[in-house]
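Work through the following exercises with the sequence and the model in view. Each task is followed by a solution in steps.

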Amino acid sequence: MAEPVSGPRAQSESKALMRRARRRIPGGVNSPVRAYGAVGGAPPFIARGRGPRIFDVDGNGYLDYVGSWGPLILGHAPPAVVRAVKRAATLGASFGAPTPGEVEIAEAICRALPAVEQLRFVSSGTEAAMSALRLARAATGRRKILKFEGGYHGHADALLLGAGSGVATLGIPGSPGVPEEFTKLTAQVPYNDLSAVAGAFRNHGEDLACVIVEPVAGNMGCVPPRPGFLEGLREICDRHGALLIFDEVMTGFRVAWGGAQRRYKVSPDLTCLGKVVGGGLPAAAYGGSRALMQQVAPAGPVYQAGTLSGNPLAVAAGLETLRQLERPGVYERLEARSTALAAGLRARAEARGIEFCSAAVGGMFGFAFHPGPLRNLEDARAAHTGRFKRFFRAMLEAGIYLPPSPYESAFMSLAHRRADIAETLRAAESAFDKAARVR
Ligand code: KE4
């Protein structure tokens, strides 16, 4: 039984809701990581958000560094996005027919990502990754795929193999219900390890359709690519005729206007997007060269479909979000805030002699109770989870809402001000004191 969260925070409404929720929803939540399995205690049920803050049903307010796991890069209920969604809703929620907004957002994304000449909207990152893999297999005529330990690309069967988010947190190695026939075509190697990638190609070479990678790994903590890693993947894929897929569901429009592919100047063959492109509503996409995307139905034979793909409300939220992001200085400001917080946490841990590391890339950041730097899942798993849990709970009690798992990344928004970072670092002082007492 998870330990109760101690402290003065009122929780009665959240706890009552969780008792009801558990009767009708597995674990009381609609996505596993939300259940606080990795940190213990009852998760607060959230009533509303405004700017950088969210408020639970018991009236507790929090500075939010989860941001719905990445989409809320403008903060909660940004007025321009709320107006755009309201306007779209008055015109009708969905038509199952082409709409002008889908053309506009496709053009905006292709302008930002030179490697994407065409794209297809879907409703989740899982669908985007699943569809990109199908296209890669069709385009190459090959069956096997290569992913990275700790890489999470959604819960499609072929990819649920020691994934980072959720599965690693809950310790489910892969998942029951996934036939081994579905996963024996998926190879995986440690992140940031080009020699292991070369070895996989020696073993599977001409049957590897693609390599799918998070260009900044965000599902084992925040693990940036080591210098040369992404360039090396590009070169190995070219040498073996395999496609390189950047899963930018998290990094897209998060680490730079043009995503990680622009930041690191490496062009993938296919790109998966999600989160930010929907501005908090369900939208995701996969895209690539015209030659590749023209193989997708109805232009080509590779089948993929979706009732709510390109949904007008999600497109309205996504379009307005992208409009707000395509402005000078946006990503410099996001990175300055993330970096200041990551550095401030490190300084306070070091001052207490606590083994701790942190990383920040654009508007995403992460930290671990580990000497660091984290290079792969093995490093992430070697971190001190007891101290993470104690630090997490102390920060939550202080009104700082961090990702409830060491295998996640945290997210900065344009609504977070310097004063919010200062408030967070003040809370971290006593949180580190409490974590230091955990042996
Ligand atoms: P969705 O199917 O959850 O929209 O996207 C799957 C996905 C694909 N690729 C990457 C790199 C991702 O990070 C994700 C989903 N991210 C998790 C958080 N690490 C979503 C939170 C959750 O699972 O509840």
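**Exercise 1: A salt bridge within one helix**

R239 and E235 both belong to helix α8 (residues 229-240) and are four residues apart, so about one helical turn separates them. The model is predicted.

Task: State how close the charged groups of R239 and E235 come, and classify each residue as buried, partly exposed or exposed.

Solution.
- Step 1. The closest N and O atoms of R239 and E235 are 2.7 Å apart. A salt bridge requires such atoms within 4 Å, and the pair forms one.
- Step 2. R239 has 53% relative accessibility and counts as exposed, because the cut-off for exposed is over 50%.
- Step 3. E235 has a relative accessible area of 40%, which makes E235 partly exposed.

**Exercise 2: Salt bridges between distant parts of the chain**

Task: Find where R352 and E429 lie, and say how far apart in sequence the parts are that this pair ties together.

Solution.
- Step 1. R352 forms a salt bridge with E429, with 2.7 Å between the closest N and O atoms.
- Step 2. R352 sits in the loop between α12 (330-351) and β11 (357-361), while E429 is in helix α15 (residues 418-436), so the bridge ties together parts that are 77 residues apart in sequence.
- Step 3. R352, at 26% relative accessibility, is partly exposed, and E429, at 31%, is partly exposed.
- Step 4. Elsewhere, R53, R417, D420 and E423 are joined into one network by salt bridges that share partners.

Task: Do the same for D207 and R143: which loops hold them?

Solution.
- Step 1. D207 and R143 form a salt bridge in which the closest N and O atoms are 3.3 Å apart.
- Step 2. D207 is in the loop between α7 (194-204) and β7 (208-213), and R143 is in the loop between α4 (125-140) and β5 (144-148); the two residues are 64 residues apart.
- Step 3. R143 has a relative accessible area of 47% and is partly exposed.
- Step 4. The count of salt bridges in the model comes to 17.

**Exercise 3: The interior**

Task: Describe the nonpolar cores and the surroundings of V211.

Solution.
- Step 1. The largest nonpolar core has 69 residues, and those with the most contacts inside it are Y65, I109, F253, L325 and F391.
- Step 2. Another core, of 31 residues, lies apart from the largest one and includes A200, F201, L230 and Y407.
- Step 3. V211 is in strand β7 and is buried, with a relative accessible area of 0%.
- Step 4. Leaving out residues up to four places away in sequence, V211 touches L146, F148, F201, L233, C237, L243, L244 and I245.

**Exercise 4: Cysteines**

Task: How many disulfides does the structure hold?

Solution.
- Step 1. The number of disulfides is zero.
- Step 2. For C272, the nearest cysteine sulfur is that of C210, 9.5 Å away. A disulfide needs sulfur atoms within 2.5 Å, and C272 is in none.
- Step 3. C357 is also in no disulfide, the nearest cysteine sulfur being that of C222 at 10 Å.
- Step 4. C272 is buried at 0% relative accessibility, and C357 is buried at 9%.

**Exercise 5: Backbone exceptions**

Most residues other than glycine have a negative phi, and most peptide bonds are trans.

Task: Which peptide bonds are cis at P298 and P373, and where do these prolines lie?

Solution.
- Step 1. The bond from A297 to P298 is cis, with omega near 0°. P298 is in the loop between α10 (290-293) and α11 (312-325).
- Step 2. G372 and P373 are joined by a cis bond with omega about -10°. P373 is in the loop between β12 (364-368) and α13 (377-382).

Task: What sign does phi have at W69 and at F253?

Solution.
- Step 1. W69 is not a glycine, yet its phi is positive, about 70°. W69 lies in the loop between β3 (61-64) and α2 (79-91) and is buried at 16% relative accessibility.
- Step 2. F253, not a glycine either, has a positive phi of about 60°. F253 lies in the loop between β8 (243-248) and α9 (259-263) and is buried at 1%.

**Exercise 6: The whole chain**

Task: How many helices and strands are there, and is the chain compact or extended for its length?

Solution.
- Step 1. The chain has 15 helices and 14 strands.
- Step 2. Its radius of gyration is 21 Å, close to the 22 Å that the globule rule gives for 439 residues, so the chain is as compact as a globular protein of that length.
- Step 3. Of the 439 residues, 59% count as buried.

Terms used:
Residues numbered from 1 in each chain as written. Predicted model: local features only at pLDDT ≥ 70, side-chain atom pairs only at ≥ 80, totals over all residues. Heavy atoms only, no water. Core = buried A, V, L, I, M, F, W, Y, C linked by side-chain atoms within 4.5 Å. Buried < 20%, exposed > 50% of the residue type's maximum accessible area, 1.4 Å probe, protein only. Salt bridge = Lys/Arg side-chain N within 4 Å of Asp/Glu carboxyl O. Rg over C-alpha atoms; globule rule 2.2 N^0.38 Å. Contact = heavy atoms within 4.5 Å.
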